[in-house]
Amino acid sequence: MNPLKDAGVSPHILSLLDHLHKLSLDQEAKLDITALPHDSVHVATRDAFIALEQEKCHFVYQIARAVNAKTIVEAGTSFGVSTIYLSLAANANVGVSGGKSTVIATEHEPSKAAQARKHWAEVGEDITSNIDLRVGDLRDTLKENMPEVDLFLLDIWAPMTLPALKLVQPHLRHGAIVIVDNTIASASRYKDLLQHLRAEGSGFLNLTLPYHKGLEMCIYYP
Ligand SMILES: C[S@@+](CC[C@H](N)C(=O)[O-])C[C@H]1O[C@@H](n2cnc3c(N)ncnc32)[C@H](O)[C@@H]1O
């Protein structure tokens, strides 16, 4: 089952996504980033996708459609695979209920950002026009020009997750969704983030979904 196919996404985009996920999985089979010390992750993965798994991307697309997300932030863009899903979802929501879509994407490595732009160009103008790619350390790039956010995807090295959330949280709308990857497999690395999300009175309604290595879905009702 593929919700993008049901939504009428064109076959060339579906094939491109299948291809990019396959490239990512082939790379990851040779690289276990959870076994790497944090300070070597950047270097070891400079040329690697580490894309969010396809079934999780389908879930993210589905939830973005369910909550009519039109303004989305992504922490950790890499070669831009998950961004394609976010952009397609935001555009489809605009198609149904009008307005404007924006996906704020973030990538530290300029070479990865350039590759992401190439992938988006292969998808076409529809998505390149609504992505605001911010290149550099997200602790700088997310400080300013932040609209009200409907959905926030955290798919980034663990130590960056809480700083990223703290920058975006003041801009989350009531009922916004926060999704965090790998919250079962990397629970100890995410200790600070999970404590923040799950603290009494945090405003977050938290649920761990049993996808491979876990996927946290939180709803923000401050
Ligand atoms: C797991 S990958 C993202 C994969 C992407 N979401 C996808 O599905 O295709 C995490 C990315 O976050 C980037 N990153 C790490 N620290 C960062 C920071 N401080 N600011 C911006 N990007 C960062 C890394 O360079 C890496 O490409």
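**Exercises: two positive-phi residues and one sheet**

S78 sits in the loop between β1 and α5 (81–97). Helices (H or I, at least four residues) and strands (E, at least two) are DSSP runs, numbered from the N terminus. This is a predicted model: local features need pLDDT of at least 70, side-chain atom pairs count only at pLDDT 80 or more, and totals for chains, interfaces and linings use all residues. Residues are numbered from 1 along each chain as its sequence is written, and side-chain values use heavy atoms, without hydrogens and water.

**Exercise 1.** Determine the sign of phi for S78 and for N182, and classify their burial.

*Solution.*
- Most residues other than glycine have a negative phi.
- S78, not a glycine, has a positive phi of about 50°.
- S78 has 11% relative accessibility, so it counts as buried (under 20% relative accessible area; exposed is over 50%, partly exposed in between; 1.4 Å probe, protein chains only).
- N182 lies in the loop between β5 and α10 (191–198).
- Phi of N182 is positive too, near 65°.
- N182 is buried, at 18% relative accessibility.

**Exercise 2.** Give the strand order of the open sheet and find the edge strands.

*Solution.*
- The order of the 7 strands is β3-β2-β1-β4-β5-β7-β6, with mixed pairing; two strands pair if DSSP finds at least two bridges between them.
- β3 (131–135) and β6 (204–209) each have a single partner strand, so one side of each lacks a neighbour in the sheet.
- β2 (residues 102–107) runs parallel to β3, joined by 5 bridges.
- E107 has V135 in β3 as its bridge partner.
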